[in-house]
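Good morning, colleagues. I should like to take you through one model today, beginning with a single loop residue and then widening the view.

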Amino acid sequence: MIIFGVALSVVVILVVGIVVARKVDGDSANYLVAGRRLGVPLVAVSLTAAAVDANATVGNTDLTSQFGFWSGASLAIGLALCLLLTGLFLAKRMNAMKLFTLGDFFRLRYNRPTELAASALMVVSFTILLAGNLVACGFLLEHFANIPYAWGVILAVVLVLAYTIAGGLFSDAYTAAIQTAITVVAAIVLLAWVAMSYGIVIPEGMGPFDLEQLSDPAAGAPINWATLVSLAIGDIVAIDFMQRIFGAKSPSVAQRSCFIAAGLTAAIGTVFAIVALSVSATLGISVEDGPVLFTLLGDFAPPLVAILVLSGIVAASFSTASGAMLATSAIAVRNIFTVRRHTGTGPDPLLRWTRVAMVPFVIGGAFLAIQVSQTGILLTLAFDLMLACLAAPFLFGVFWKRPGSAAALTAMAVGFVVRIAFLALTPTLYGVPNDIFYVPNTLVGPEFDGWATLVAAAVGFGTFALVAAVAGRRESEVAAEARIRADLDAERESSEAAVPAVA
């Protein structure tokens with residue numbers, strides 16, 4: 001019964017996504033940015049659905065049950081802070097630039113080599129993010145449908161790919177409305193059921209007001225701060241978030257949508273963390289039995305509650321995976337291989353090749369999910385790379401005119417080398433064994449976990465600022481910006497009348 005109910009919700013999402021695909025109408029501007037016509041409801045729910053993914057639900061409950069509220073809830077709270085900061089400082093600016101992908105910013109602000117390097121880093125990061133969401137789907141199907149984990153991952157990939165490859169951002173936005181509604185209702189119902197059945201029980205030292213989790217290294221403070229900073233700052237360079245911001249019909253719509261999504265994301269993440277603390281204390285559920293949330297729903301919850309919550313998890317995973325697929329393939333095709341939107345008659349090559357490019361990236365994400373079956377860890381690692389390599393060039397580049405490509409490229413290279421070196425040397429990653437890329441050594445111990453993220457970020461930001469102070473932007477880069485802006489304006493003007501406004 002449980003798997004049937006979840007399957008029904010998946011079918012509804014799949015049908016809506018495919019039906020909405022007709023709005024693309026053969027135009028890559030519709031496919032990538034929904035014709036820049038999305039209103040607050042659709043942008044807000046799509047941002048929420050992107051933030052509240054499997055990592056912020058399944059990963060959240062696993063980490064919270066082991067290490068405390070701030071270990072797991074930081075996944076969602078960090079993402080909420082990212083949306084809040086984006087709304088305060090960036091949403092209006094980025095929407096007004098009328099870009100097609102975030103890679104366009106690095107070409108416009110710096111130069112072609114910077115665009116290429118930044119785009120490659122974003123592709124790698126979001127392939128990791130995609131994998132993190134597929135992990136939860138694989139575990140769910142293994143736990144409730146007796147489908148082997150690897151086949152569950154592959155099935156999830158095929159289902160999400162089916163509607164994303166058809167409808168792009170339009171399908172993503174409309175299915176996000178269903179996905180967010182399911183997730184919000186699921187969070188409310190789950191909290192109410194746990195409260196009535198077992199009570200809200202917070203183990204000593206593990207609750208939201210036990211702030212030693214943020215101040216005492218022995219209580220995991222460096223790891224918790226690393227999670228918050230990585231997601232709050234590193235996730236600002238999130239190509240799926242920005243794709244939705246580009247699709248908003250005005251700068252004010254983009255800003256308001258970020259604020260709404262931030263509130264919903266923080267609330268939902270907090271609910272799942274409180275549930276994890278309560279059931280681990282009262283029922284003794286632990287990650288040794290598998291994902292905590294799946295054990296709770298499979299062994300203790302009434303079928304209707306289990307169906308609703310599991311449908312919410314699948315919906316959240318699908319939405320984030322969809323956004324990652326779309327944004328990653330668009331970055332690769334447009335910003336790495338320089339395929340441009342067709343403004344005349346005939347098929348649009350940017351649309352065609354963006355669809356084709358999704359296939360190899362989802363294969364890569366599925367392979368990584370099968371090899372590294374961690375949820376929250378993959379999410380945070382993805383944005384560790386963004387924080388160390390791209391956050392400084394992006395944030396400084398928006399607000400500071402002096403830095404040029406020398407600062408951006410140097411910061412990317414140094415940040416990447418430092419973060420990967422720390423990854424290889426540190427035996428644990430956010431409190432769990434480093435199964436991704438660990439080289440046994442006696443130089444670095446588990447006490448450096450968390451600090452690796454913060455130190456790599458400081459090195460990346462410091463390198464950018466130092467090089468920018470010494471070597472400013474070249475005149476040739478300033479001149480190139482005007483030419484690139486003219487090209488982008490021409491692309492935008494050719495697509496503005498393609499799609500009517502939508503809510």
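**From a loop to the core**

R36 is found in the loop that joins α2 and α3. Please keep in mind that what you see is a predicted model. The phi of R36 is positive, about 55 degrees, although R36 is not a glycine. Is R36 buried or exposed? R36 is buried, with a relative accessible area of 8%.

The loop holds another residue of interest. A34 lies between α2, residues 28-33, and α3, residues 40-51. A34 is not a glycine either, yet has a positive phi of about 50 degrees. Its relative accessible area is 0%, which means that A34 falls under the 20% limit for a buried residue.

Let me now set these residues against the whole chain. The secondary structure of the protein chain amounts to 20 helices and two strands. Along the principal axes, the C-alpha atoms fill a box of roughly 65 × 55 × 35 Å. What radius of gyration does the protein chain have? The value is 22 Å, and for 503 residues a compact globule would have one near 23 Å, so the two agree. Of the 503 residues in the chain, 61% are buried. As for contacts with a separation of 6 or more, 83% of them are between residues 24 or more positions apart.

**Helix α4**

I turn next to helix α4, which runs over residues 54-67. This helix has 14 residues and spans 18 Å from its first C-alpha to its last, close to the expected 20 Å. Where does α4 bend? The bend is at N60, and comes to about 35 degrees. N60 is also one of the buried residues of this helix. How many residues of α4 are buried? Twelve of the 14 are, so the helix is mostly covered under the 20% limit. The buried set includes A54, V58 and L63, and also polar side chains, among them N55, T57, D62 and S65. Just after α4 comes G68, with a positive phi of about 115 degrees.

**Helix α17 and its surroundings**

Helix α17, residues 391-399, is likewise mostly covered, with seven of its nine residues buried. Those seven are A391, A392, P393, F394, L395, G397 and V398.

F394 deserves particular attention. The largest nonpolar core has 150 residues, and M94, L190 and F394 touch the most other members. Which helix gives the most to this core? Helix α14, residues 303-336, does so, with 18 residues. Leaving out residues up to four places away in sequence, F394 touches L90, M94, L102, F105, F106, I236, V237 and M242. M94 thus appears twice here, as a contact of F394 and as another of the residues that touch the most members of the core. Apart from this core lies another, of ten residues, including F69, M206, L214 and I274.

Two other residues of α17, A391 and L395, are in contact with I233. I233 belongs to helix α10, residues 221-234, and its other contacts beyond four places in sequence are L85, L387 and F461. The C-alpha atoms of I233 and L387 are 6.4 Å from each other, while 154 residues separate them along the chain. I233 is itself partly exposed, at a relative accessible area of 24%.

**V305 and the cysteines**

We return to helix α14, where V305 is located. V305 is buried, with a relative accessible area of 11%. Which residues does V305 touch, neighbours up to four places away not counted? They are V189, L190 and W193. L190 is one of the three residues named a moment ago for touching the most other members of the largest core. A contrasting pair is V305 and L488: they are 183 residues apart in sequence, and their C-alpha atoms lie 49 Å apart.

Finally, the cysteines. How many disulfides does the structure hold? The number is zero. C389 has as its nearest cysteine sulfur that of C82, which is 17 Å away. The limit for a disulfide is 2.5 Å between sulfur atoms. C389 counts as buried, at 1% relative accessibility, and C137 is buried too, at 6%.

To close, I would point again to R36 and A34, two buried loop residues, and to F394, which takes part in the largest nonpolar core. Thank you; I welcome your questions.

Definitions and conventions
Residues are numbered from 1 along each chain as its sequence is written. This is a predicted model: local features need pLDDT of at least 70, side-chain atom pairs count only at pLDDT 80 or more; totals for chains, interfaces and linings use all residues. Side-chain values use heavy atoms; hydrogens and water are left out. Helices (H or I, at least four residues) and strands (E, at least two) are DSSP runs, numbered from the N terminus. The expected span of a helix is 1.5 Å times one less than its number of residues. The bend at a residue is the angle between axes fitted to the seven residues ending there and the seven starting there. Buried means under 20% relative accessible area, exposed over 50%, partly exposed in between (1.4 Å probe, protein chains only). Contact means heavy atoms within 4.5 Å. A nonpolar core is a set of buried Ala, Val, Leu, Ile, Met, Phe, Trp, Tyr and Cys residues joined through side-chain atoms within 4.5 Å. The radius of gyration is taken over C-alpha atoms; the globule rule is 2.2 Å times the number of residues to the power 0.38.
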